[in-house]
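Got the viewer open? Here's a short walk through the model, one selection at a time.

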Amino acid sequence: MTWAGDLLVVDVLDEDAGLADVEDTRGRTYQLPVEWLPGVREGAAYRIIPTGEGVTFTPDPAGARLLRERSKQTLLDFVDEHEER
């Protein structure tokens with residue numbers, strides 16, 4: 001799994017279970033422990049940074065907006081492609 005430079009956005013935060021449902025820039029979803037994500041809240045975005053000791057999740061204030069824009073563009077590309085046929 002190559003995550004270097006990818007973004008994650010927290011979709012759902014389940015504090016009772018201690019898990020966050022996140023989506024990455026490739027549209028994949030995962031559950032991560034909330035203690036891995038500093039300042040975790042729904043809608044927060046994190047840049048994934050591999051280190052020699054594992055992986056660090058660094059808050060990215062603009063990340064959620066970037067991921068939404070990317071998702072909108074993908075949807076627009078799909079709609080355009082579908083309409084041309």
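**Start with confidence**

Colour by pLDDT before anything else: among the chain's elements, strand 3 has the highest mean, at 92, while helix 1 (residues 63–84) has the lowest, at 57. Keep in mind that this is a predicted model. Over the chain, the mean pLDDT is 78, and 72% of the residues reach 70 or more.

**The sheet**

Next, show the strands as a cartoon. You're looking at an open sheet of 5 strands in the order 3-2-1-4-5, paired antiparallel. Pick out residues 29–33 (strand 3) and 54–59 (strand 5): these are the edge strands, each pairing on one side only. Turn the sheet to see the twist, which averages 40° from one strand to the next.

Now zoom in on strand 3 and its partner, strand 2 (residues 19–24). The two run antiparallel to each other and share 5 bridges. Select V22, then look across to strand 3: the residue standing opposite is Y30.

**The ring pair**

Hide the cartoon for a moment and show the aromatic side chains. How many aromatic pairs does the structure hold? There is 1. Select W36 and F57: their ring centres are 6.2 Å apart and the planes meet at 10°, so this pair counts as stacked. Bring the cartoon back and you'll see that the pair links distant parts of the chain, with W36 in the loop between strand 3 and strand 4 (45–51) and F57 in strand 5, 21 residues apart.

Finally, add a surface. Which of these rings' residues is buried, and which partly exposed? F57 is buried, with a relative accessible area of 6%, whereas W36 is partly exposed at 46%.

Definitions and conventions:
Residues numbered from 1 in each chain as written. Predicted model: local features only at pLDDT ≥ 70, side-chain atom pairs only at ≥ 80, totals over all residues. Heavy atoms only, no water. Pairing = 2+ DSSP bridges. Helix = DSSP H or I, 4+ residues; strand = E, 2+ residues; numbered from the N terminus. Axes fitted to C-alpha atoms, helices over the stretch in contact; angles between N-to-C directions. pLDDT = per-residue confidence, 0-100. Phe/Tyr/Trp six-rings, centres within 6.5 Å; stacked < 30°, edge-to-face > 60°. Buried < 20%, exposed > 50% of the residue type's maximum accessible area, 1.4 Å probe, protein only.
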